[in-house]
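Colleague: I am new to this model and would like a close look at one single part of it. Please pick one residue, start there, and then work outwards to the rest.

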Amino acid sequence: MNAPVLKQDVAAEIPAGVFAETVTFVHHYTDRLFRFRMTRPESFRFRSGEFVMIGLMVSGKPLYRAYSIASPAWAEELEFFSIKAPDGPLTTELQKIQPGDTVFMRKKPTGTLVLDALTPGKRLYMFSTGTGIAPFASLIREPETYEKFEEVILTHTCREVAELKYGFDLVEEIKNDEILSEIVGDKLKHYATVTREDYPFQGRITDLMENGKLYADLGVPPLDPAIDRGMICGSAAMLKDTKELLERAGLTEGANNKPAEFVIERAFVG
């Protein structure tokens with residue numbers, strides 16, 4: 001195994017068209033999940049909700065995977081939320097990073113989970129499982145989200161309670177931020193569920209949508225294409241099932257070049 005390389009070791013190995021940034025913070029939530037931040041290049045611009053290719057030198061070659069940027073577009077540092085895939089060529093090494101290490105990042109961000117890809121609405125649902133919460137970590141800290149929507153509902157489903165902690169940390173950070181807390185007010189609702197442990201809110205989000213419990217718990221009516229908008233990020237099965245439910249409710253999938261009622265992110269981490 002190759003340990004992550006330090007900045008001084010890679011100065012001569014930085015590929016063309018790539019930023020080499022320094023890790024500033026690492027926090028491990030479970031044996032499967034961790035959060036980290038790194039420096040942000042002065043010239044790097046992105047829209048909240050987009051993803052970027054990040055990587056490390058592995059076996060003498062740069063290896064990249066797509067990662068949603070979890071920090072909002074205005075943040076001074078770049079934040080990411082990652083799994084620790086046992087057999088993941090990149091995450092096997094990425095989980096070992098420490099402050100001071102170097103991470104490569106390609107210069108062009110992209111993605112469909114951006115506010116511009118949605119038509120105007122009243123209520124925005126962000127449906128996520130696992131690390132699929134990452135782009136929404138960006139968007140719930142983006143003031144423009146609350147300018148465009150009267151209500152923002154973040155759903156996060158994981159297997160175990162401990163895996164929900166990142167989402168709760170995000171909401172707490174917003175409450176404790178003098179500026180953001182005033183902007184967000186009571187517009188943000190956080191709905192967290194688990195599938196494999198006892199918890200007040202249990203079940204797959206698609207089941208809770210179908211049986212109506214999601215809407216009853218939140219005190220909102222079922223999906224209405226006239227006012228509701230959606231963003232989806234998670235496992236392949238979750239994307240498929242949630243997309244079907246939104247379409248059944250009358251919502252149409254959109255894209256950057258054709259805004260509509262909901263969007264899906266299909267970039268994966270490995």
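**From one residue outwards**

Modeller: Threonine 206 counts as buried, because its relative accessibility is 9% and the limit for buried is under 20%. The model is a predicted one. Threonine 206 belongs to helix α7, which covers residues 205-210. Apart from its neighbours within four places in sequence, threonine 206 is in contact with Asp241, Thr242 and Leu245.

Those contacts lead to another helix. Helix α9 takes in residues 236-248, a range that includes the three contact residues of threonine 206. Helix α9 lies across three strands, β7 (123-129), β10 (228-233) and β11, and runs at about 170° to β10.

The three strands belong to an open sheet. This sheet has five strands in the order β9-β8-β7-β10-β11, and the pairing is parallel. Its edge strands are β9 (188-194) and β11 (262-264), each of which pairs on one side only. On average, neighbouring strands of the sheet are turned by 10° against each other, with direction ignored. In general, strands of a sheet pair through backbone hydrogen bonds, either parallel or antiparallel.

At the β9 end of the order, β9 is joined to strand β8 (residues 151-158) by seven bridges, and the two run parallel. Leucine 154 stands opposite histidine 190 of β9.

Strand β8 ends at residue 158, and the residue there is cysteine 158. Is cysteine 158 buried or exposed? Cysteine 158 is buried, since its relative accessible area is 5%. Cysteine 233, at the end of β10, is buried as well, with a relative accessible area of 6%. The sulfur of cysteine 158 has that of cysteine 233 as its closest cysteine sulfur, but the two are 12 Å apart, so the distance is too far for a bond. The limit for a disulfide is within 2.5 Å, and the count of disulfides comes to zero.

Another set of strands pairs in the antiparallel sense. Strands β1 and β2 do so over five bridges, and a hairpin of four residues joins them. In this pairing, valine 23 has methionine 38 of β2 as its bridge partner. Strand β1 is also joined to strand β6 (residues 102-106) by five bridges, again running antiparallel. There, glutamate 21 is the bridge partner of valine 103 in β6.

The loop between β1 (18-28) and β2 (33-39) holds tyrosine 29, while phenylalanine 81 lies in strand β5 (residues 77-83). Their ring centres are 6.0 Å apart and their planes stand at 90°, so this is an edge-to-face pair. Because of where the two residues lie, the pair ties together parts that are 52 residues apart in sequence. Tyrosine 29 counts as buried at 15% relative accessibility, and phenylalanine 81 is buried at 2%.

The whole structure has 11 aromatic pairs. Phe34, Phe36, Tyr67 and Phe80 form one aromatic cluster.

Two rings have a charged side chain over them. The charged end of arginine 106 sits over the ring of tyrosine 64, at 4.1 Å from the ring centre. Lysine 107 lies over the face of phenylalanine 19, at 4.9 Å from the centre of that ring. Arginine 106 is at the end of β6, and phenylalanine 19 falls within β1.

Definitions and conventions:
Residues numbered from 1 in each chain as written. Predicted model: local features only at pLDDT ≥ 70, side-chain atom pairs only at ≥ 80, totals over all residues. Heavy atoms only, no water. Phe/Tyr/Trp six-rings, centres within 6.5 Å; stacked < 30°, edge-to-face > 60°. Buried < 20%, exposed > 50% of the residue type's maximum accessible area, 1.4 Å probe, protein only. Lys NZ or Arg CZ within 6 Å of the ring centre and 35° of its normal. Pairing = 2+ DSSP bridges. Axes fitted to C-alpha atoms, helices over the stretch in contact; angles between N-to-C directions. Contact = heavy atoms within 4.5 Å.
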